[in-house]
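Me: I've got a model open and I'd like to learn how to read it feature by feature. Can you walk me through it?

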Amino acid sequence: MQFEGIYTPIVTPYFDDFTVNEAALAQTVDHLVGAGVHGIIVAGSTGEYYAQTMEERVAMMGMCRDLIAGRVPMIVGTGAIRTEDSVEYARQAVAHGADALLVATPPYAYPTGREIALHALAIDRAANLPVLLYNYPGRMSVNMDEDCLDRLGRSPNFCAIKESSGDINRVHMLARDYPHIALSCGMDDQALEFFAWGARSWVCAGSNFAPEAHIALYQACAVEGDFTKGRAIMSAMLPLMSVLEQGGKFVQCIKHGLTLRGIDAGPPRKPLQPLNKDDKRQLAEVIRTMNTTISGITGVKI
């Protein structure tokens with residue numbers, strides 16, 4: 001599988017009682033597919049998988065499979081502390097028609113590179129699907145180091161890595177030393193740099209509510225190779241990225257951004273709390289300004 005384009009870790013819309021709002025989920029899938037995203041990730045962090053039971057996660061796989069209906073690839077996250085649970089999520093992903101898996105480091109356990117590789121290889125044996133690795137030391141405490149990548153690089157299923165360390169030197173290392181593992185942007189404020197270093201995909205939560213802006217940057221940099229245009233689009237997006245990353249309100253901002261598009265994504269599950277009125281006002285203004293600016297750059301109204 002070639003990971004190219006914009007991949008959206010889809011939100012899980014909830015009613016106020018935290019049950020899944022299936023109508024809003026259907027609207028979200030249609031909105032993303034219609035906007036032109038290149039794939040949808042189920043059970044990413046933005047989907048609040050960590051606050052869901054195994055039964056709920058498996059049910060989401062089935063709902064999303066039916067809603068996507070083969071229009072774009074469905075990638076399923078296998079994130080869990082226990083390898084046994086991740087393996088079961090992988091098996092369920094296969095049973096529910098997933099096209100690929102998202103495999104992250106088990107959180108909290110603080111495994112070595114060898115242990116991360118063994119965890120990922122167990123998932124690979126159970127599923128035999130293309131894998132997008134997910135390196136996020138800010139949440140998992142450790143990097144997928146060279147020992148890990150050397151071991152995983154022997155299997156052709158490990159074909160890409162979502163790099164979310166924020167360390168530009170790791171981007172250089174991955175592009176230079178692991179060209180057989182495709183580089184995918186997982187750090188929004190470094191998207192321009194990722195594309196300059198050959199990334200062909202971007203896993204971006206903000207594309208839930210602003211797919212047009214994210215696709216515009218991908219199109220300018222990865223498709224057209226126009227980094228002058230790309231810098232202008234990136235400059236317009238940076239204020240949004242700053243709002244999303246400040247104050248620990250990332251998921252809440254993504255869900256409210258989607259609500260501003262007319263799709264009621266509902267509240268985040270506890271322990272997270274919804275945005276206050278000032279946060280909502282600030283987010284709405286930043287999105288409006290970004291869309292106006294990018295429309296002026298691309299000539300396409302957002």
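Me: Let's start with arginine 82. Is it buried, partly exposed or exposed?

Reply: Keep in mind that this is a predicted model. Between 20% and 50% relative accessible area, a residue is called partly exposed. Arginine 82 has a relative accessibility of 45%, so it counts as partly exposed.

Me: What does the side chain of arginine 82 meet in a salt bridge?

Reply: Look for a side-chain nitrogen of Lys or Arg within 4 Å of a carboxyl oxygen of Asp or Glu. Here the partner is glutamate 84, at 4.0 Å from N to O. There's a network to trace too: salt bridges link Arg82, Glu84 and Asp85.

Me: How many salt bridges are there in the whole structure?

Reply: The search turns up 15. One of them pairs arginine 65 with aspartate 66, at 3.0 Å from N to O. Arginine 65 is partly exposed at 34% relative accessible area, while aspartate 66 reaches 54% and counts as exposed.

Me: And which residue does arginine 281 pair with?

Reply: Aspartate 278, with 2.8 Å between N and O. Both sit in helix α12, three residues apart, so about one helical turn separates them. Arginine 281 itself counts as exposed, at 52% relative accessibility.

Me: While we're in α12, what does glutamine 282 touch?

Reply: Glutamine 282 also lies in α12. Set aside residues up to four places away in sequence, and its contacts are Val243 and Gln246. With a relative accessibility of 35%, glutamine 282 is partly exposed. You can also compare chain separation with spatial separation: glutamine 282 and glycine 39 are 243 residues apart along the chain, and their C-alpha atoms are 29 Å apart.

Me: Now try that on leucine 183. How far is leucine 183 from isoleucine 161 in sequence and in space?

Reply: The two are 22 residues apart in sequence, and 5.5 Å apart in space from C-alpha to C-alpha. Leucine 183 belongs to strand β7, residues 182–185. Its relative accessible area is 8%, so leucine 183 is buried. Beyond four places in sequence, leucine 183 touches Ile161, along with others including Val171, Leu174, Phe194 and Trp197.

Me: Can a loop residue be read that way as well? Where is threonine 78, for instance?

Reply: Same approach. Threonine 78 is in the loop between β3 (74–77) and α3 (83–95). With a relative accessible area of 1%, threonine 78 is buried. Apart from neighbours within four places in sequence, its contacts include Arg57, Tyr89, Leu101, Val103 and Ile123.

Me: On to whole helices. Why is helix α9 described as largely enclosed?

Reply: Count the buried residues along the helix. In α9, residues 211–223, ten of the 13 are buried, so the rest of the structure largely encloses it. Among those buried residues are Pro211, His214, Leu217, Tyr218 and Cys221.

Me: What covers the buried residues of α9?

Reply: The cover includes two strands, β1 (5–9) and β8 (201–203). It also includes the helices α1 (22–35), α8 (191–196), α10 (227–245) and α12 (277–298). After α9 comes glycine 225, which has a positive phi, near 65 degrees.

Me: Which residues touch the most other members of the largest nonpolar core?

Reply: That core has 91 residues, and the ones to look at are Leu101, Trp202 and Leu217. Leaving out neighbours within four places in sequence, leucine 217 is in contact with Ala191, Leu192, Phe195, Trp202, Gly230, Ile233, Met234 and Met237. A second, separate core has 13 residues, including Phe3, Ile41, Leu132 and Tyr134.

Me: Last one: helix pairs. At what angle do the axes of α10 and α11 cross?

Reply: Roughly 125 degrees, and the axes come within 7 Å. Oblique covers angles that aren't roughly parallel, antiparallel or perpendicular, and perpendicular stops at 115 degrees. The α10 and α11 pair is therefore oblique. At the contact, Val243, Leu244 and Glu245 from α10 meet Phe250, Cys253 and Ile254 from α11. Sorted by type, the contact residues are five nonpolar, one charged and no polar.

Notes: Residues are numbered from 1 along each chain as its sequence is written. This is a predicted model: local features need pLDDT of at least 70, side-chain atom pairs count only at pLDDT 80 or more; totals for chains, interfaces and linings use all residues. Side-chain values use heavy atoms; hydrogens and water are left out. Buried means under 20% relative accessible area, exposed over 50%, partly exposed in between (1.4 Å probe, protein chains only). Helices (H or I, at least four residues) and strands (E, at least two) are DSSP runs, numbered from the N terminus. Contact means heavy atoms within 4.5 Å. Axes are lines fitted to C-alpha atoms, for helices over the stretch in contact, and angles run from 0 to 180 degrees between N-to-C directions. Angles under 35 degrees count as roughly parallel, over 145 as roughly antiparallel, 65 to 115 as roughly perpendicular and the rest as oblique. Ala, Val, Leu, Ile, Met, Phe, Trp, Tyr, Cys and Pro count as nonpolar, Asp, Glu, Lys and Arg as charged, and the others, Gly among them, as polar. A nonpolar core is a set of buried Ala, Val, Leu, Ile, Met, Phe, Trp, Tyr and Cys residues joined through side-chain atoms within 4.5 Å.
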